[in-house]
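Please look over the sequence and the structure shown here. The briefing after them goes through a few selected places, topic by topic.

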Amino acid sequence: MYKKNEYYNVQFEDLTHDGAGVAKVDGFPIFVQGALPDEKGKIKVIKVKKGFAFGRLMELTEQSKERQDAPCPIYKQCGGCQLQHLSYQGQLDYKQKQVKDVLKRIGKLDLEKVKVHPTLGMEDPWNYRNKAQVPVGEREGGLVAGFYQQRSHEIINMERCLIQQAENDHVVQAVKEICERFGIKAYDEKKHKGWLRHIIVRYGYVSGQMMLVFVTKTSDFPHTKALLQEITSQFSMIRSIVQNVNSKRTNVIFGEETNVLFGSEYIYDKIGDIEFAISARSFYQVNPEQTRVLYDKALEYAELTGEESVIDAYCGIGTISLFLAQKAKQVFGVEIVPEAIEDAKRNAELNGMSNAEFAVGQAEEVIPTWYKEGNKAEVIVVDPPRKGCDEALLQTIIDMKPKRVVYVSCNPSTLARDLHILEQGGFETKEVQPVDMFPHTSHVETVALIELK
Ligand code: SAH
């Protein structure tokens with residue numbers, strides 16, 4: 001077995017779900033950040049656990065042909081991206097393999113029968129994020145805004161993030177400089193003192209409208225008028241400036257109180273033909289170009305003819321629901337966050353869609369209740385958070401026997417677990433499509449088509 005601080009020469013065979021290289025010594029895996037499959041190198045063991053270990057890459061003796069220099073100068077410090085040292089095609093292949101591996105191992109699926117397609121990637125996989133959310137701190141009397149250094153809460157200043165829409169970065173930096181000129185104090189999480197905690201910028205990819213959010217410790221706002229005047233005169237695309245107050249000692253970004261300081265409470269954006277109003281706290285996919293690809297695929301898998309009743313579980317602000325409503329008789333969306341449901345209803349109205357209804361609550365409670373009341377759907381779409389679907393929801397799907405289930409997942413492991421449950425309940429997984437929503441990170445998004453046997 002491994003010994004801490006010892007050196008080994010190893011050959012890497014695989015990548016973990018978080019993008020670390022995997023090598024084996026006497027059959028035991030060791031995880032090493034920065035190494036790729038088909039590479040050989042010298043590693044130092046830094047932590048030993050039962051049955052596995054973590055190591056540091058000291059020297060590469062053989063390089064993968066998929067290796068590339070990470071374009072971002074702060075790639076190693078930041079930790080936001082995990083795969084910049086892998087070619088983009090290599091990343092897409094890795095994501096497809098991740099999905100295949102867990103579907104086989106956890107989902108017990110026969111991959112001879114289930115088609116797992118190559119990952120749908122971006123033509124230009126940079127500048128894609130529509131939202132920048134940066135912590136603000138102080139160093140040598142000035143403000144810094146950027147990211148937490150890996151495994152610490154030290155804030156590093158960042159002028160440019162290569163996966164971020166450049167406009168977002170420009171606004172964040174300009175706002176930081178303006179705040180500095182007005183003598184604004186950054187929040188200090190250790191002392192629980194100071195004022196400005198986070199700057200958040202959201203950009204409507206199609207509309208070009210921008211929202212700026214200040215998250216502050218207290219609800220006062222020094223120099224409001226002059227400061228906002230300065231910002232809005234520099235950036236005419238800013239249509240909304242909002243203050244969110246978070247006075248708690250917490251890592252959670254948003255507090256409960258939100259006040260509009262300038263313009264509207266919303267900005268608007270479009271995905272395909274559908275327009276969305278987005279408020280400061282509602283969930284909205286961060287890669288608009290690929291969201292379109294993802295939703296088109298979900299719609300294709302739903303195979304709607306205009307006659308179906310559809311349930312969209314975990315519907316957020318109704319994005320997928322309204323996409324489906326274009327082709328369905330009726331769509332029922334369920335979501336746990338009340339503000340998101342208010343947004344969903346407004347979005348239905350905004351698009352003149354009268355065949356979409358929305359309910360607040362836990363999917364695993366609301367949908368079983370609907371079923372007991374005699375309501376059924378021919379197609380069910382689920383898009384749960386990382387922990388996957390609740391068992392009570394899966395059981396109701398099994399009892400309800402819809403023709404088709406479309407499962408949108410941001411975590412292949414829980415997708416695989418849930419597919420296994422549905423398979424045992426009389427469903428069959430037909431096709432699985434990974435979509436690259438987060439290039440250069442190890443995150444994998446997937447859509448699966450499941451049919452009643
Ligand atoms: N389909 C939407 C949102 C997906 S994100 C879109 O594509 O934009 C997952 C959503 O599930 C979040 O909005 C979250 O608030 C919601 N959620 C989390 N747990 C839930 C539960 N138990 N019941 C219903 N919704 C839940």
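The notes below cover charged patches, record annotations and two residue pairs. The model is predicted. Two groups of like charge are found on its surface, one positive and one negative.

**The positive patch**

- Five residues gather in a patch of positive charge on the surface: Lys-4, Lys-47, Lys-49, Arg-56 and Arg-151.
- One of them, Lys-4, sits in the segment before β1, a strand that covers residues 7-15.
- Lys-4 has a relative accessibility of 55%, and it counts as exposed because the cut-off for that class is over 50%.

**The negative patch**

- Glu-138, Glu-159, Glu-177 and Glu-180 form a surface patch of negative charge.
- Glu-177, one of these, belongs to helix α3, which runs through residues 166-181.
- The relative accessible area of Glu-177 is 46%, so this residue is classed as partly exposed.

**The annotated span at residues 1-59**

- An unreviewed UniProt entry gives the annotation "domain: TRAM" to residues 1-59.
- In the model, this span is 63% strand and 0% helix.
- The C-alpha atoms at the two ends of residues 1-59 are 21 Å apart.

**The annotated active site**

- Under "active site", UniProt lists Cys-410, again in an unreviewed entry.
- Cys-410 lies in a loop, with β20 (404-409) on one side and α10 (412-424) on the other.
- Is Cys-410 buried, partly exposed or exposed? Cys-410 is partly exposed, because its relative accessible area is 22% and the buried class is for values under 20%.

**Two buried residues and their distances**

- Val-447 is part of strand β22, made of residues 445-452.
- With a relative accessible area of 0%, Val-447 is buried.
- From Val-447 to Thr-16 there are 431 residues in sequence, while their C-alpha atoms are 21 Å apart in space.
- Asn-287 is in the loop that links β15 (274-279) to α5 (288-302).
- Asn-287 has a relative accessible area of 0%, so it is buried.
- How far apart are Asn-287 and His-198 in sequence and in space? Asn-287 and His-198 are separated by 89 residues in sequence and by 21 Å between C-alpha atoms.

Notes
Residues are numbered from 1 along each chain as its sequence is written. This is a predicted model: local features need pLDDT of at least 70, side-chain atom pairs count only at pLDDT 80 or more; totals for chains, interfaces and linings use all residues. Side-chain values use heavy atoms; hydrogens and water are left out. Patches are made of residues with over 30% relative accessible area and no salt bridge: like charges are joined within 9 Å, nonpolar side chains (Val, Leu, Ile, Met, Phe, Trp, Tyr) within 5 Å. Accessible areas come from the Shrake-Rupley method with a 1.4 Å probe; for residues, only the protein chains shown count as cover. A salt bridge is a side-chain nitrogen of Lys or Arg within 4 Å of a carboxyl oxygen of Asp or Glu. Lys and Arg count as positive and Asp and Glu as negative; His and the chain ends are not counted. The place of a charge is taken as NZ of Lys, CZ of Arg, CG of Asp or CD of Glu. Helices (H or I, at least four residues) and strands (E, at least two) are DSSP runs, numbered from the N terminus. Buried means under 20% relative accessible area, exposed over 50%, partly exposed in between (1.4 Å probe, protein chains only). UniProt positions are given in the numbering used here, feature names are shortened, and annotations may be inferred rather than shown by experiment.
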